[in-house]
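Hi everyone, thanks for making the time. I'd like to walk you through one structure, so please have it open and follow along with me.

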Amino acid sequence: MQRKAYVTGTAALLAALLAGCTSGSSGGDDISDKNADTGTSTVAAQPGKYRTLPEPCGAVGQDTLATLLPGIAQIPEGEQRDKAYAGQAALTYDTDRKVGCRWKVESADATDRLSVDFERVVSYDNSVSDDNEARTIYTQRESAADIPESVPASPVESESPSGPASGTPSASASSSASTSPSGPGSPSASTSGSTTPADLQPRALTDLGDEAYIDDQTSGSGSTAEQRTVTVVFRTSNVVVTIEYEEQPMATGTVPDSEELQDRAQKLAAQLAEALNS
């Protein structure tokens with residue numbers, strides 16, 4: 001009787017072990033399936049459009065340099081003028097990631113400086129694309145420059161029938177008055193005191209690259225010639241381009257024209273953006 005009980009107990013133990021193995025095997029399959037599902041649901045972020053950068057000192061044509069740096073025309077033709085056109089490459093340790101070039105030309109009227117920098121942004125986080133990483137870098141620079149956010153233009157409101165009869169001048173009337181020709185002794189808004197027209201203030205640019213801004217700053221005092229620095233920064237895909245254009249007149253108390261320098265810098269930026277996309 002005792003031998004029979006022992007055999008029965010052994011058989012029960014084996015049955016329990018077999019059932020446990022079967023259950024454990026089923027559980028392992030579930031874990032493998034979960035891991036497989038997790039792997040297939042993870043998608044790496046897209047790489048940026050650009051894999052290389054242009055040669056910076058050759059990125060700006062001679063005609064453009066002649067406009068930005070008027071003193072070049074005063075340099076005698078030959079090796080010295082060629083050197084002025086050639087510029088000086090910025091020191092860099094990885095020409096696939098960051099390159100730049102500098103120009104400086106002195107003339108009888110002013111000293112002009114130009115710098116152009118290209119930065120190709122690469123994200124090392126598989127969940128963040130190169131474009132998004134470049135967007136973050138651009139946004140940080142825009143914030144550091146205190147560029148105001150662009151505000152959408154308000155829809156034009158129709159003139160109220162009672163507008164002309166009211167005691168308060170309408171907005172359109174005030175605008176017309178402010179833009180009407182002033183008398184000989186009345187300075188315009190762009191030249192009165194140190195006031196800068198709104199369309200020349202530091203601001204976001206909507207027609208350059210994926211996003212862009214322009215900054216305009218002066219330094220110096222009345223006892224010295226004021227230097228004006230115009231900076232244009234724009235992003236196109238995973239490349240961030242920075243242009244700095246400076247002019248310092250020789251004459252004391254002279255201030256470089258904001259509109260002229262901004263116009264030149266923006267035209268150069270448009271040329272560089274077009275070259276990148278070609």
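Let's begin with a helix and what lies over it. The buried residues of H6 are covered by, among others, helix H2 (62–68), strand E3 (110–120), strand E4 (203–205), strand E5 (211–219), strand E6 (227–236) and strand E7 (239–249). Contact here means heavy atoms within 4.5 Å. The helix and strand names are DSSP runs numbered from the N terminus, with at least four residues for a helix (H or I) and at least two for a strand (E).

A quick word on where this comes from: it is a predicted model, in which local features need pLDDT of at least 70 and side-chain atom pairs count only at pLDDT 80 or more, while totals for chains, interfaces and linings use all residues. Residues are numbered from 1 along each chain as its sequence is written, and side-chain values use heavy atoms, with hydrogens and water left out.

Back to H6. Which of its residues are buried? They are Ser-258, Leu-261, Gln-262, Arg-264, Ala-265, Leu-268, Ala-269, Leu-272, Ala-273 and Leu-276. Buried means under 20% relative accessible area, exposed means over 50%, and partly exposed is in between, using a 1.4 Å probe and protein chains only. If you like to see a pattern in that list, remember that an α-helix has 3.6 residues a turn, so residues three or four places apart point the same way.

The length of H6 checks out too. Its 20 residues, 258–277, should span 28 Å at 1.5 Å a residue, and the end C-alpha atoms are 29 Å apart, which agrees. The expected span is 1.5 Å times one less than the number of residues.

Now look at the N-terminal end of H6. Asp-257 caps it, with a side-chain oxygen 3.4 Å from the backbone nitrogen of Glu-259. Ser-258, within H6, counts as buried because its relative accessibility is 10%. Outside its neighbours up to four places away in sequence, Ser-258 touches Leu-200, Asp-216 and Arg-228.

Just ahead of the helix, Pro-256 sits in the loop between E7 and H6. Pro-256 has 5% relative accessibility, so it counts as buried. Setting aside neighbours within four places in sequence, its contacts are Glu-226, Arg-228, Glu-247, Pro-249 and Leu-261. Thr-218 is 38 residues from Pro-256 along the chain, and their C-alpha atoms are separated by 8.9 Å.

On to the sheet. How are the seven strands ordered? They form an open sheet, E1-E2-E3-E7-E6-E5-E4, with antiparallel pairing. Strand E1 (88–89) and E4 are the edges, each pairing on one side only. Two strands count as paired if DSSP finds at least two bridges between them.

Going through some of the pairs, E1 and E2 are joined antiparallel by two bridges, and Ala-89 has Cys-101 in E2 as its bridge partner. E2 and E3 run antiparallel with nine bridges, and they make a hairpin with three residues between them. There, Trp-103 stands opposite Leu-114 in E3. E6 and E7 also pair antiparallel, over nine bridges, with Val-230 opposite Tyr-245 in E7.

So what fills the inside? The largest nonpolar core has 36 residues, and Leu-114, Val-116 and Phe-234 touch the most other members. H2, H3, E2, E3, E5, E6, E7 and H6 each supply at least two residues to this core, and H6 gives the most, with seven. A nonpolar core is a set of buried Ala, Val, Leu, Ile, Met, Phe, Trp, Tyr and Cys residues joined through side-chain atoms within 4.5 Å.

Phe-234 is a nice one to click on. Beyond four places in sequence, the residues it touches include Tyr-138, Gly-209, Glu-211, Ala-269 and Leu-272. A second, separate core of eight residues includes Ile-137, Ile-147, Val-233 and Val-240.

Last stop: Glu-211, in strand E5. Its side chain makes a polar contact of 2.7 Å with that of Arg-235. A polar contact is a pair of N or O atoms within 3.5 Å; within protein, one must be able to donate a hydrogen and the other to accept it, and residues adjacent in sequence count only if both atoms are side-chain atoms. Gly-209, in the loop between E4 and E5, is partly exposed, with a relative accessible area of 41%. Gly-209 and Arg-235 are 26 residues apart in sequence and 5.7 Å apart, C-alpha to C-alpha.
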